[in-house]
Each structure stands twice: as C-alpha cells, then as structure tokens.
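Visitor: Please take one part of this model and go through it closely, with the criteria behind each term.

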Amino acid sequence: MVFYFKVRPEAGDYTIFMGLDKYENEDLIKYGFPEDIWFHVDKMSSAHVYVRLNKGQTMDDMSEGLLEDCAQLVKANSIQGNKVNNIDVVYTPWYNLKKTPSMDVGQVGFHNPKLVRTIKVEKRINEIVNRLNKTKVERKPDLKAEREALSVSEKAERKAQLRDKKRREEMERLEKEKQAEIRSYKGLMVQEKMTSNKQIASGSKTLQELEEDFM
C-alpha cells in the first residue's frame, strides 16, 4: 500500500507519497524514479516520504512551500519526531540512496553525502498536516511495472536523441562539403579569369606595333 498526498496548489502540481511500512519502503527504494526526492527525519525512525518532481527538475527547483509540506508530513509520520520540536529532516535525490545486503529492511545509506540536505522543522503545524491528510489516497501500484515502463520510455528517447544527433552531424558534414566545393569553384574561376586576362594582354599589340604595321 502506498499513500499519496497533494501539495498546496501554489507550490505546483506535485504529489507526495510514502509506503505503508518498512517493507513497502523497500520497493519504493528499489523502483524509484530519477526525479524522486526522498525525505526522512534525521537520526530518528520515520516514514520514508517522497515527492516526484517534473522531468529535468532538481532539488534546487523546489519551492519553500513544497519543502515545508514534505518536511511536515515526514515529521507527522515519525513516532518520536512528532513529539518533539526542533528536529532535522534530511532529503536527497532517490538515486543517491544506497542499499547494501547487510542493511536491515527499510534502512538506507547515501552514495554521496554532499547530495544530502537538511531542513530544520521547529514544530508540527497542524494546519499543514491536516490539509495534506484531507488529500490522502491509498493505492496498490505495481511499482516494478511503472519503473520498467519508464526504462522502456527512456531507452526509446535516448535512441531518438541519438538518431537526431547523427542526422544533424550528417547534415553538417554535407554542408561543409558543399561550402568547400563552392570555395574551390570560386578559386578556380578566379584563376581562369586571371589567366585569360594575361593571355589577352600578351596577344594584344602595342600602339607602336600597330603604327609600324600601318606604315
């Protein structure tokens, strides 16, 4: 089971989601999307909360309102974190999550700690949490099938981009050959013209020669 929530309208058309339990979290970790951003209460047990950004977006594109909604939801879904103030919530791209065989179910690490950011949450804001909970929807998605469909789409897109690149390179090559041929033709014309002028000059008689012929 996965729970889905809609963020505040002014933050954009984004959906926050989290697994029912640590076993569901394993599938979310395994079958995430490159645009997914993962949230968790730092150094405490909590839900794994995600938000899926638009394609091409990064953490730098997240507004304060979007960050606040994610941070409040993850705090509210931490047994310990929900009871205390001034907690830290860490967040990082899904692809930075590191999972090794020795880790417990639901446990993760990071490939690059530099990609992990922290947001301070002073206290629970019930207005935000209640608004998010009113949009809550439960679904049983086939996460594996969704990820495989994305992989197929990305592969087709890469092929299309490669074809476009080769086409552009071929057009550029033909254009260069065309321009080189034009320059060569112009050079040949200039050379022929110069030769013709010399021949005319050498074949013409001077005024003195013409007078002598007349006499």
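Guide: What follows is about the sheet and the helices beside it. The model is predicted, so local features need pLDDT of at least 70 and side-chain atom pairs count only at pLDDT 80 or more, while totals for chains, interfaces and linings use all residues. Residues are numbered from 1 along each chain as its sequence is written, and side-chain values use heavy atoms, with hydrogens and water left out.

The open sheet has 7 strands in the order β8-β5-β3-β4-β2-β1-β9, with antiparallel pairing (strands are DSSP E runs of at least two residues, helices H or I runs of at least four, numbered from the N terminus; pairing needs at least two DSSP bridges). At its edges lie β8 (117-121) and β9 (137-139), each paired on one side only, and the twist from one strand to the next averages 30 degrees. Within the sheet, β2 (residues 15-19) and β4 (residues 49-52) pair over 3 bridges in the antiparallel sense, and Phe 17 has Tyr 50 of β4 as its bridge partner.

Helix α2 (residues 64-76) packs on this sheet, touching β1 (2-6), β2, β3 (36-41), β4, β5 (87-93) and β8, and its direction makes about 45 degrees with that of β3 (contact means heavy atoms within 4.5 Å; axes are lines fitted to C-alpha atoms, for helices over the stretch in contact, and angles run from 0 to 180 degrees between N-to-C directions).

The axes of α2 and α3 (residues 126-134) come within 9 Å and cross at roughly 90 degrees, which makes α2 roughly perpendicular to α3 (65 to 115 degrees). There, Glu 68, Asp 69, Gln 72, Leu 73 and Ala 76 in α2 meet Ile 128, Val 129, Arg 131 and Leu 132 in α3.

Technical notes
Angles under 35 degrees count as roughly parallel, over 145 as roughly antiparallel, 65 to 115 as roughly perpendicular and the rest as oblique.
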